[in-house]
Amino acid sequence: MMKGGRQYVDLNRDKGTLVIKERVDREELCGKTTPCSFSFDVILENPIQLYRVTVEIVDINDNSPSFPKADIHFNIIESVASGSRFTLLSANDPDVGMNNIQKYALKPSDYFKLEIQNQPDGGAFIDMVLQKPLDREREESHTLVLVASDGGEPHRSGTVRIHITVLDANDNAPVCSQSVYKADVRENSPAGTLVTTVQAHDADSGINGDVTYSLAHVTKDENQLFIVNLKTGEIKVKGQLDFEKIKSHQLNVQAHDQGGLANTCKVIIQIIDENDNVPTIEMMSFSNSVPEDSPPETTVAVFNVDDEDSDGNGMVKCSLNSDVPFKIESSLSGYYTFVTEDFLDRESISEYNLTITVSDQGSPPLSSHKHINVKVSDVNDCPPKFDQSQYSKMLPENNSPGFSVFTLSASDADWGQNSRVSYFLEEKEVNGVAVSSLVSVNSESGVVQAVRSFDYEQIKWFEFNITARDAGSPPLSSVATVKILIQDQNDNPPQVLYPVQTGGSLVAEMVPRSADVGYLVTKVVAVDVDSGQNAWLSYKLQRATDRPLFEVGLQNGEIRTIRQVTDKDAVKQRLSVTVEDNGQPSRSATVIVNVAVADSFPEVMSEFTDFTQDKEYNDNLTFYLVLALAVVSFLFITCLVVIISVKIYRWRQSRVLYHSNLPVIPYYPPRYSDTLGTGTLQHVYNYEVCRTTDSRKSDMKFMPPMSDSLVSVDGADADDPRVEKDMSGNFSQMSTLVSVKKL
């Protein structure tokens, strides 16, 4: 495939070789442009592959240098000074490189020499410089030959004859107002369009001051495109300008007077491109069905775009209709690929009607369109999306369990089961406590509820994550972070730290009677565990008298005197201070401050003896003391009566035993051994320990063995006074009798 109307190369399809179809003229194809090449595209099928082939044309020396004119005539006044310059027409050689013009020679060179100024565009300005003065009387005319030679093999050259006529004195040459003129003209401008005007002035008068204009050093094509007015210097369009062929032109305008003096100025004309070519679209390859799970950058189509304009007018932009997951990428120059930009979703859109629009950047822009239809097939590729990635909500403290904080919402662009969203709370610990014990989320509706009541003084904020998951296979999910801020409520009354309130003792502040106004009595210190304005405290004193003696600071709680103490002021002063916070509604606490107005401590004690306890407290204490005393007295009397009764009973029994003639069988308490020595113990002793309530005054009496005093058959010892004395002594003790067996 080749662009343009001519095809220089043909493809031999059998051998796969490229052959020259017609003669290639480098000068006709490229002019002075180097390197010279042309390109064409080769497309291979099965599979489709695209290659670009560029062929470079190598120049040969097939053109000789040539001058625009065969003869050049100059009229030079004899008074012209040495060093004066006369511009000559440069030769033109269509060849390039070494095959182009390499040198100029002027023959003969008795009066004149050549000075050549090479230009960046490859051209040259040739000036013929006068070396010594002319003398018309000696020689009225001169004939010179200018030779232009190239550097090719074989060498080629061109010549021009220069005829010089020596005139009488004309000592001022025309001077151009600008050495370089720049102008812009649009392509396709009609003939006669003014491009610019060249102006030159000659200081001479009369015929020697008349200036005429002509084009010099111009090519054949430029001479056909532009014309200069001989008298006015106006440069106008003569032929058809085409930006796609030549983008700029450089003209040399020569201004000369009638005396033969001349000056040359340069005119650079830039051709402005017109947007006169519509871009074209040619579809090279196309697939109308794309799987939904195709990765991005999957190629759908390959197409070619061409615009014959240049620069901005030739720069094309390919675009698609909006809101489609496709894009256009550039591959080779002029070729574009139509690819997927993202994963497709058949549940959302099952097919796409796409319009490829190709427009250039001209003014006005030209464009063309191509309509294609792409069908899509299905997967679960859209995760749920929250309205925002982070949520921050306020929750007032002291809320009830189950309180609905707010509702999360996530949307899924899929359809059916793939769009069914469930919400889950991600388990984590907040201050050592599982977050599930603080909040819960409804899996269906996304409602976030408080599991328990919150206390701002214990926890001020916490964060947790909620996952939204669809029912696709495999399931897709997204996570949102939720921050709960506990809002403080005025739920705590102020707490008084000082003075400390006690139930059983009285604390009083003492104020001397000589105290001055503003005397600091004490300071009430209170705190509020709430925060913000709920913790701002104010102090107020409840006035109990018409002439108050004290006042309390509203902010600092300091109690001070507001006047001098008088004799009429009571010694005992009971102040009630209310501490109130700034919450809505406000909470308060009351503290009683006892103040003694006295100069000495004994005076304070005498006044406060009847004020040490609360009346109700004293009444209750008296009742309990009387009750306790009555109970103790009853128990004591009961015990005393029992002991006396027991003593009397034993005494009467012992008297009966002593006066009886019957044999007495001794009674041994349990675990006592017999007195005859038949037991395991040979000796038996009986002890009586008598102890009073005061152990330091206790008595202990040793008793002889009962076998000696009680066991008597004949009653010989019945009248022993010692025994009777001992018996009576035992009953006289107001104590408890304890018998102890000693081994």
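Two strands count as paired when DSSP finds at least two bridges between them, and β44 and β47 (residues 572-581) clear that bar, pairing in the antiparallel sense over 6 bridges. Keep in mind that this is a predicted model. The protein chain runs to 743 residues, and 35% of them count as buried. It holds 7 helices and 51 strands, so strands get plenty of room below.

**The chain as a whole**

- Take the contacts between residues at least 6 apart in sequence: 65% of them join residues at least 24 apart.
- About 44,100 Å² of the protein chain is exposed, and carbon and sulfur atoms supply 52% of that.

**Nonpolar cores**

- The largest nonpolar core has 28 residues. Phe 74, Phe 86, Phe 112, Met 128 and Ile 162 are the ones with the most contacts inside it.
- Six strands are worth colouring here: β5 (71-77), β6 (85-88), β7 (101-107), β9 (124-130), β10 (141-150) and β11 (157-167) each put at least two residues into this core.
- Phe 74 has a busy neighbourhood. Setting aside residues within four places in sequence, Phe 74 is in contact with Phe 86, Thr 87, Leu 88, Met 128, Ile 162, His 163, Ile 164 and Thr 165.
- Another core, of 27 residues, lies apart from the largest one; Leu 408, Val 421, Tyr 423 and Ile 459 are among its members.

**Cysteines**

- The disulfide count comes to 1. The pair is Cys 30 and Cys 36, with their sulfur atoms 1.8 Å apart.
- That link is right-handed, with 70 degrees about the S-S bond.
- Both partners are buried: Cys 30 has a relative accessible area of 16%, and Cys 36 comes in at 2%. The cut-off for buried is under 20%, so Cys 30 qualifies at 16%.
- Cys 265 is in no disulfide. The nearest cysteine sulfur belongs to Cys 176 and is 3.5 Å away, and because a disulfide needs sulfur atoms within 2.5 Å, this pair does not count as one.
- Cys 265 is buried too, with a relative accessible area of 1%. Cys 639, on the other hand, is partly exposed, at 45%.
- Cys 30 lies in helix α1 (residues 26-30). Leaving out neighbours within four places in sequence, Cys 30 is in contact with Cys 36 and Ser 37.
- Cys 30 and Lys 245 are 215 residues apart along the chain, yet their C-alpha atoms are separated by 9.4 Å.

**The sheet with β44 and β47**

- As a reminder, strands of a sheet pair through backbone hydrogen bonds, either parallel or antiparallel.
- β44 and β47 belong to an open sheet of 4 strands, ordered β41-β48-β47-β44, with mixed pairing.
- The edges are β41 (508-511) and β44 (537-542). Each has a single partner strand, so one side of each is left without a neighbour in the sheet.
- Neighbouring strands in this sheet are turned by 35 degrees against each other on average, ignoring direction.
- For a specific spot in the β44 and β47 pairing, look at Ser 538, which stands opposite Glu 580 in β47.

**Around strand β18**

- Strand β18 (residues 234-237) has two distinct faces: Ile 235 and Val 237 make up the covered one, while Glu 234 and Lys 236 make up the uncovered one.
- Strand β14 (residues 194-197) runs antiparallel to β18, and 3 bridges join them. Thr 197 has Glu 234 of β18 as its bridge partner.
- Strand β17 (residues 226-228) also pairs with β18 in the antiparallel sense, over 3 bridges. In that pairing, Phe 226 is bridged to Val 237 of β18.
- β17 and β18 form a hairpin with 5 residues between them. In its turn, Gly 233 has a positive phi of about 80 degrees.

**Thr 212**

- Thr 212 sits in strand β16 (residues 211-216) and is buried, with a relative accessible area of 7%.
- What does Thr 212 touch, leaving aside its neighbours within four places in sequence? Thr 212 is in contact with Leu 230, Lys 231, Gln 254, Ala 255, His 256 and Gln 258.

Terms used
Residues numbered from 1 in each chain as written. Predicted model: local features only at pLDDT ≥ 70, side-chain atom pairs only at ≥ 80, totals over all residues. Heavy atoms only, no water. Core = buried A, V, L, I, M, F, W, Y, C linked by side-chain atoms within 4.5 Å. Buried < 20%, exposed > 50% of the residue type's maximum accessible area, 1.4 Å probe, protein only. Contact = heavy atoms within 4.5 Å. Axes fitted to C-alpha atoms, helices over the stretch in contact; angles between N-to-C directions. Areas by Shrake-Rupley, 256 points an atom, 1.4 Å probe, with all protein chains shown as cover.
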